[in-house]
Amino acid sequence: MQPHALSIFGEMSRRALETDSINLGQGFPDTDGPLELKEEVVRCLTEGIGNQYPPAHGFPQLRQAICEHQARFYGLPLDPDTDAVVTTGASEAISASLLALVESGDEVVMCDPAFDVYRAAVDLAGATPVGVPMTTTDLRPDIEAIALAITPRTKVLLLNSPHNPTGVVFTREEMIALANLAITHNLVVISDEAYEHLWFDNHQHIPMATLPGMFERTITIGSGGKSFSFTGWKVGWATGPANLIHAARTVRQHLSFVSGGPFQLAIAHGLRFPDTYFDDFRQDLTDKRDQLAVGLASAGFSVLPTEGTYFITTDISGLGFTDGLDFCQQLPELSRVVAIPHQVFYGDPRNGTNHVRWAFCKKPEVLAEATDRLQVLLQR
């Protein structure tokens, strides 16, 4: 695990503090989520509900709410007793699923750039991560290249849509093509859908498990932190067919065992919010996306379209930079703003050198100040 000893997120957040920079690197909101959910946590704490160990696989109330959510939004019928497990954030759900399903000699195919937890978890399981670069011009899944990367050793196709760090939302056609590959090669799909409610305009999220022939071979990952802006609560989950969830449950109970009792119950409450909550949430983030995109363009960046997540990707080459990591290391001193280079999300860091990720899940006044500071780059 030595290659994973340092986290780019920790490093850049440290640099932000040292230089009094605005942190547009790490993807966390700078405002809390709904007051109603905080009040639910306080009620649970004061009434002594959930202050001791929760049930091993999560409170029944939350597992029921998760299954209701999957049925309500996606038409997926699930049994909360067998088809869902609550985890310490989406990251634990991903790690537990990989540890349960792969071992030494197996391969896990994923799109590059990929969230850094993926490679760390595959390495921890003793398997081999196989990163397939997304298309260079528009950063979309390269279906032909993914097909070529699958071998007899491939056991899992690890997907993420809406996609971090690119902000791309896979189209139905792309999802069907990936599903066909999984069926043809008898693969299990781990579908990281932590940003499922963070899609914009008409780029609606398509869950892998809803496609023909895919429910029985898909573990779907969800996140309360992303859907309700409480990332510190670390409430995530995995859903899917009983046999795959049983495997993930078996491993997960030996990781964190249990966590976040009152937070679990609050997230269960949030999952039953009316559709207007999720619509308003998307609109707020859409406005912030648009604000940051305009600001970045005014500072000389080439801004790629953002269809979902918290993140905008820019091309830095128009400003005369050729290496994203070097650019992001200089940026706090140049402008007192922090971003994350794409190349740290690739298996081969020679890829993605011209792309940088920016988080827009911040207050409008913070985004305005950040883009004002970035204007100094035009004066170099």
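**Figure 1. Cover over the buried residues of helix α9 in the predicted model.** The covering elements include α3, β2 (84-88) and α4 (89-101). Strands β6 (188-192), β7 (218-223) and β8 (235-239) are also among them. Helix α9 itself runs over residues 242-252. Its buried residues are Leu244, Ile245, Ala247, Ala248, Arg249, Val251 and Arg252. Two arginines, Arg249 and Arg252, are thus part of that buried set.

**Figure 2. Arg63 and its surroundings.** Arg63 sits in helix α3, one of the elements that cover the buried residues of α9. Arg63 counts as buried, because its relative accessibility is 9% and the cut-off for buried is under 20%. Residues up to four places away in sequence are left aside here. Beyond them, Arg63 touches His57, Gly58, Pro80 and Asp81. Ala84, Val86 and Arg249 are contacts as well. Arg249 also belongs to the buried residues of α9.

**Figure 3. The salt bridge between Arg272 and Glu68.** The closest N and O atoms of this pair are 2.8 Å apart. Arg272 lies in the loop between α10 (261-271) and α11 (275-298), and Glu68 lies in helix α3 (residues 60-74), so the bridge ties together parts that are 204 residues apart in sequence. Arg272 is partly exposed, at a relative accessible area of 42%. Glu68 is partly exposed too, at 33%.

**Figure 4. The salt bridge between Glu107 and Arg153.** Here the closest N and O atoms are 3.7 Å apart. The salt-bridge rule allows a distance within 4 Å. Glu107 belongs to strand β3 (residues 107-112). Arg153 is found in the loop between α6 (143-149) and β5 (154-160). The pair links distant parts of the chain, 46 residues apart. Glu107 counts as buried, with 10% relative accessibility. Arg153 counts as partly exposed, with 42%.

**Figure 5. The salt bridge between Asp290 and Arg289, and a salt-bridge network.** The side chains of Asp290 and Arg289 meet at 2.9 Å, N to O. Asp290 is partly exposed, at 35% relative accessibility. Arg289 is buried, at 9%. Elsewhere, Glu11, Arg14 and Glu18 form one network. Salt bridges with shared partners join these three residues.

**Figure 6. The protein chain as context for the close-ups.** The chain holds 13 helices and 13 strands. Its radius of gyration is 20 Å, close to the 21 Å that the globule rule gives for 380 residues, so the chain is as compact as a globular protein of that length. The C-alpha trace spans about 60 × 55 × 40 Å along its principal axes. Of the 380 residues, 57% count as buried. Among contacts with a separation of 6 or more, 75% come from residues 24 or more positions apart. The exposed area is about 15100 Å². Carbon and sulfur atoms supply 53% of that area.

**Figure 7. Charges across the protein chain.** The chain carries 27 positive and 45 negative charges. Their mean positions are 3 Å apart. The count of salt bridges comes to 22. Among the residues in salt bridges are Arg272 and Glu68, Glu107 and Arg153, and Asp290 and Arg289.

Methods:
Residues numbered from 1 in each chain as written. Predicted model: local features only at pLDDT ≥ 70, side-chain atom pairs only at ≥ 80, totals over all residues. Heavy atoms only, no water. Helix = DSSP H or I, 4+ residues; strand = E, 2+ residues; numbered from the N terminus. Rg over C-alpha atoms; globule rule 2.2 N^0.38 Å. Buried < 20%, exposed > 50% of the residue type's maximum accessible area, 1.4 Å probe, protein only. Contact = heavy atoms within 4.5 Å. Areas by Shrake-Rupley, 256 points an atom, 1.4 Å probe, with all protein chains shown as cover. Lys, Arg positive; Asp, Glu negative; His and termini not counted. Charge placed at Lys NZ, Arg CZ, Asp CG, Glu CD.
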